[in-house]
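Me: I would like a close look at one part of this model, the side-chain contacts. Please take the charged pairs to begin with, then the rings, then the cysteines.

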Amino acid sequence: MTIKSIIIDDESHNLENLKRLLDKNCPNVDVVGMACSADQGVELISKLQPDLVLLDIEMPNKNGFDMLESMGNVNFEVIFVTAYNKYALKAIKSCALDYIMKPIAISELKDAVSKVAQVVSEKKENQKLKFLVQNLKNINQPQKIALPTAEELYFVSIDEIVRCKSENNYTLFFLNNGSSILVSRTLKEWDDLLCSHQFIRTHQSHLINSIHVKSFVKKDGGYILMNDGSMVSVSKHKKEHTLNTLASLK
């Protein structure tokens, strides 16, 4: 995952040095902008919407703390980079993710970036799930859901989903065009979101869309035959619920 970042420092050689260290040692950090003052930094942040700001503290006119206070809503992570250790406690209280002393130790820089990567990743996943839940609740809009993968965010009509299969902490979505999408989060979480849309949990590992059910086959203990030709297991303790639910929907 790429961390979109901005560096703010009033000394140009510090800007260039930190960028060089990041480019060499932290390949997941993309420095999209550099600013030599707090005011210029605010403009860049507003324009570029970074995930991370590496921020000097002592700068003319407005220091790093003043800049953050002036912004109100801080929706990015902050690593303070300073030559003065007297600000450590205040930096922690200001909710900075980390605090690095100049001259910069590469190990400390890597550790700080690693913390940012984890926080940013979790934040983005939470935003995706929040979007998905809001999408499902909005009955006035086309019934689509957002499916987050490691590389993309897919927007799929609920009616396109034939079935879902558990893959440990992931879920494999099978669509009616023959494609499949491996999505983060467990099958239980998707069951909770889709159960009100005529999806049925037939098995610990299977969730089906009832509109794509072709038949219930009684032999071999019973299984569901889907319109795409796939056969879905029905566990013994979910068999009665599955058949009753299908009967009530038809």
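Reply: Asp-98 has a relative accessible area of 18%, which makes this residue buried, since the limit for that class is under 20%. The model is a predicted one, and every value below is computed from it. Asp-98 takes part in a salt bridge with Lys-115, where the closest N and O atoms are 3.1 Å apart. The two partners come from distant parts of the chain: Asp-98 belongs to strand β5 and Lys-115 to helix α5, with their positions 17 residues apart in the numbering. Lys-115 is partly exposed, at a relative accessible area of 40%. The bridge therefore joins a buried acid to a partly exposed base.

Strand β5 covers residues 98-101 and helix α5 covers 106-137, and the loop between them holds Lys-102. Lys-102 forms a salt bridge with Asp-56, the closest N and O atoms being 3.6 Å apart. Asp-56 lies in another loop, the one between β3 (52-55) and α3, so this contact ties together parts of the chain that are 46 residues apart in sequence. Here too the acid is buried, as Asp-56 has 5% relative accessibility, while Lys-102 is partly exposed with a relative accessible area of 21%. The contact is also part of a network of salt bridges that links Asp-9, Asp-56 and Lys-102.

A local case is found in helix α1 (residues 12-25), where Lys-19 and Asp-23 are four residues apart and therefore separated by about one helical turn. Their closest N and O atoms are 2.8 Å apart, and the two form a salt bridge. Both ends are partly exposed: Lys-19 has a relative accessible area of 24%, and Asp-23 has a relative accessibility of 44%. The structure holds eight salt bridges, among them the pairs described here.

Turning to the rings, a search of the whole structure finds two aromatic pairs. One of them consists of Phe-65 and Phe-80, which are tilted with respect to each other, at 5.0 Å centre to centre and 55° between the planes. This pair links distant parts of the chain, with Phe-65 in helix α3 (residues 64-71) and Phe-80 in strand β4 (residues 77-82), 15 residues apart. Phe-65 counts as buried at 4% relative accessibility, and Phe-80 is buried with a relative accessible area of 0%.

The other pair is Phe-173 with Trp-190, an edge-to-face arrangement at 5.2 Å centre to centre and 85° between the planes. Phe-173 is in strand β9 (residues 170-175) and Trp-190 in helix α6 (residues 187-194), so the contact links distant parts of the chain, 17 residues apart. Phe-173 and Trp-190 are both buried. A contact between a charge and a ring involves Arg-163, whose charged end sits over the ring of Phe-174, 3.8 Å from the ring centre.

The cysteines remain. A disulfide is a covalent bond between the sulfur atoms of two cysteines. With a limit of 2.5 Å between the sulfur atoms, the count comes to zero disulfides. As for solvent access, Cys-26 is buried, at a relative accessible area of 3%, whereas Cys-195 is partly exposed, at 46%.

Key
Residues are numbered from 1 along each chain as its sequence is written. This is a predicted model: local features need pLDDT of at least 70, side-chain atom pairs count only at pLDDT 80 or more; totals for chains, interfaces and linings use all residues. Side-chain values use heavy atoms; hydrogens and water are left out. Buried means under 20% relative accessible area, exposed over 50%, partly exposed in between (1.4 Å probe, protein chains only). Rings of Phe, Tyr and Trp (its six-membered ring) pair if their centres lie within 6.5 Å; planes under 30 degrees apart count as stacked, over 60 as edge-to-face and the rest as tilted. Helices (H or I, at least four residues) and strands (E, at least two) are DSSP runs, numbered from the N terminus. A charge sits over a ring if NZ of Lys or CZ of Arg is within 6 Å of the ring centre and within 35 degrees of the ring normal. A salt bridge is a side-chain nitrogen of Lys or Arg within 4 Å of a carboxyl oxygen of Asp or Glu.
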